[in-house]
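Visitor: I should like to learn how to read the features of a structure that is new to me. May we go through them one at a time?

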Amino acid sequence: MQGLIANLRIFLSGAVLSYVALFRWFEPIRYVASKIILPLNQILFFTLLGTFATGPQTASFYAIGNALQVAAISGIYGVTMSVGGERWEGTLIYLFGSPANRFFLFFGRAFVHIVDGILGVVMGLAWAALLLGVDLSQADPLAMALVILITTASTCGLGLLMGAVSLVALDTFFVNNMVYFLLLVFSGANVPLQNFPEAVRTFSYMLPLTRGILATRQIVAGASLAEVAPSLLGEAFIGALYLALGYSLFKSFEYFAKRRGRLEAM
Amino acid sequence: MNRSTLRAYLRVVATVFLLHLKMQAVDLFVVFTVLIQPLLIALLAIYIQRDKAPDIAIYLIVGSGMTGLWSGLLFTSSFAIRGERWYGTLEMLVGTPTPLGVVMIGKVLASVLLSLSSMVVGYLMAAALFRFTLYIMDLPGFLISLALTLLAFVTFGLVIAPFFALSPAVEGWVNALEFPVYVLGGFLFPILMLPGWSTPLSYMLSPYWAAQALHATSSGSGSVYPNFPVALDWAMLLLFSAIYIFLSGRLFGMVLRRAKIDATLGLQ
């Protein structure tokens with residue numbers, strides 16, 4: 001019981017403190033710029049680009065896809081920086097030296113970003129409805145809530161994997177930007193998956209977000225929870241897979257770092 | 001300014017240009033911003049425009065190249081002086097006899113020229129990967145447009161650099177300024193798609209006139225005034241360059257005041 005309480009404490013304090021450590025985002029102006037203005041403009045840009053090509057009737061396709069893509073701002077940038085930041089701030093050595101449960105410690109880095117990401121997606125969908133006329137009246141609220149939760153969490157799973165990679169990568173921002181834009185291109189947020197060649201489509205289905213975006217479009221069109229359940233399960237599975245991969249990498253980096261005595265420069 | 005001073009300034013510009021070009025070319029953040037991101041945007045635009053893409057390929061390449069030019073200019077120029085502050089070299093730079101603005105010309109010129117590579121790489125990708133037939137409708141006009149675009153962007157960079165150094169409060173807005181200019185500049189779709197109230201905002205941006213001139217001369221599209229397609233665009237680019245030169249002179253004066261009289265520049 002005591003162990004569980006200690007683990008929960010580590011999980012919660014790690015979750016909150018790692019988010020606070022990204023203190024710049026707590027300045028209202030930075031938060032507004034990064035989490036409200038940037039997503040809004042991104043949704044507008046890609047929706048206009050899409051409707052220029054395919055007509056105004058497709059606005060909802062692009063608006064929904066890009067609203068869901070907002071999850072990646074918290075899931076990829078936020079989570080990666082929370083994990084990778086330990087290396088750059090010089091605190092990795094203390095983290096690896098502590099007896100804390102590694103899973104709670106690792107997963108805790110993503111927790112607040114999941115909540116933040118959900119807020120971002122909700123705001124993105126609100127922009128889509130208010131500014132681009134996306135009709136959300138047919139959407140089942142429970143199904144919508146579940147798809148947002150699962151998609152944001154699965155994107156954070158990829159973020160945790162990238163966070164582990166950033167412990168050894170030369171440039172964290174390069175990794176972050178690359179993954180973020182690959183999601184933008186290949187997750188189906190902006191391009192119908194059938195437009196891609198078969199091999200690229202297979203790659204798309206290996207990414208988080210892809211099934212979540214498909215499910216959201218179906219829900220907005222009036223699909224029930226039961227109809228989108230397979231996509232949601234797939235999205236959850238992909239997220240769990242990335243989380244497991246990230247955790248394994250994190251553990252192996254710790255093992256090799258300790259063996260080689262190169263904690264700060266693995 | 002006499003001839004020997006001018007020669008000395010040009011030598012500084014050339015030295016800073018080469019040094020900055022080398023530094024930027026190996027900076028992965030810059031490489032992503034000016035090379036990979038526009039390439040991915042071009043790829044996205046090609047897949048979105050799937051059926052029309054072969055016919056408007058040059059429009060997409062130029063438009064996505066413009067996104068690279070703007071992002072490169074925004075991120076590198078906004079960091080041009082702040083970067084010196086971070087490295088602890090700002091005071092030394094301000095203390096040298098060469099004006100800070102002259103040093104910054106070399107830095108911004110290197111960034112803008114490096115950003116141009118996004119258009120070249122996009123062109124190569126469209127030709128090699130998608131086998132599109134690409135040709136520029138009016139090559140001399142396009143080259144003149146490109147030269148004026150470079151002038152307008154370099155002078156714009158000379159406004160951005162001191163502005164961000166003077167206003168730490170707006171530093172947090174850098175990321176948020178990237179996409180609005182993609183939209184208002186009409187890089188990849190005409191601004192006619194935007195609500196009417198935003199049109200004056202587009203007219204106040206030199207990237208808009210640059211995109212107009214480059215699109216009109218490369219693919220014949222995007223011109224609002226068909227009778228004299230690029231003359232107005234060129235005139236506006238020259239006008240904005242003159243305004244930016246005037247503004248940057250005032251802003252650099254304020255930067256020097258902060259550095260030399262108030263002694264607060266390095267502390268922000």
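Visitor: How do the residues of the lining of the largest cavity divide into nonpolar, polar and charged?

Guide: Please keep in mind that this is a predicted model. The lining of the largest cavity divides into 6 nonpolar, 2 polar and 2 charged residues. The nonpolar members include A:Tyr31, A:Pro39 and A:Val70. A:Lys35 and A:Asp116 are the charged ones, while A:Ser74 and A:Gly120 count as polar.

Visitor: How many cavities of 30 Å³ or more does the structure hold, and how much space lies in the largest cavity?

Guide: The structure holds 1 cavity of 30 Å³ or more. The space in the largest cavity is about 70 Å³.

Visitor: Which helices each supply at least two residues of the lining?

Guide: In chain A, α2 (28-54), α4 (71-88) and α6 (102-132) each do so. Of the elements that contribute, α6(A) gives the most, with 4 residues.

Visitor: Let us turn to aromatic rings. What describes a pair of them?

Guide: The distance of the centres and the angle of the planes describe a pair of aromatic rings. Over all chains, this structure holds 27 aromatic pairs. In one of them, the ring centres of A:Phe45 and B:Phe179 are 5.6 Å apart and the planes stand at 55°, so the pair is tilted.

Visitor: Why does this pair join two chains?

Guide: The pair joins two chains because A:Phe45 lies in helix α2 of chain A, whereas B:Phe179 lies in helix α8 (residues 178-184) of chain B.

Visitor: Are A:Phe45 and B:Phe179 buried or exposed?

Guide: A residue counts as buried under 20% relative accessible area. A:Phe45 has a relative accessible area of 0% and is buried; B:Phe179, at 3%, counts as buried too.

Visitor: What is the arrangement of the rings of A:Tyr180 and A:Phe181?

Guide: Their centres are 6.0 Å apart and their planes are at 70°, so the pair of A:Tyr180 and A:Phe181 is edge-to-face; the angle for that class is over 60 degrees. A:Tyr180 counts as buried at 3% relative accessibility, and A:Phe181 is buried with a relative accessible area of 6%.

Visitor: Which residues do ring pairs link into a cluster?

Guide: The cluster consists of A:Phe45, A:Phe46, B:Phe179, B:Tyr182, B:Phe187 and B:Phe189. A:Phe45 and B:Phe179 are the tilted pair discussed above.

Visitor: Which residue lies over the face of A:Phe61?

Guide: A:Arg217 lies over that face, at 3.5 Å from the ring centre of A:Phe61.

Notes: Residues are numbered from 1 along each chain as its sequence is written. Chains are lettered from A and ligands numbered from 1 in the order in which they are written. This is a predicted model: local features need pLDDT of at least 70, side-chain atom pairs count only at pLDDT 80 or more; totals for chains, interfaces and linings use all residues. Side-chain values use heavy atoms; hydrogens and water are left out. On a 1 Å grid over the protein atoms alone, a cavity is a set of points where a 1.4 Å probe fits but cannot get out, and a pocket is an open set with protein on both sides within 12 Å along at least five of seven lines; lining residues have an atom within 4 Å of a point. Grid points are joined across faces, edges and corners, and a volume is the space filled by probe spheres set on the points. Rings of Phe, Tyr and Trp (its six-membered ring) pair if their centres lie within 6.5 Å; planes under 30 degrees apart count as stacked, over 60 as edge-to-face and the rest as tilted. Buried means under 20% relative accessible area, exposed over 50%, partly exposed in between (1.4 Å probe, protein chains only). A charge sits over a ring if NZ of Lys or CZ of Arg is within 6 Å of the ring centre and within 35 degrees of the ring normal.
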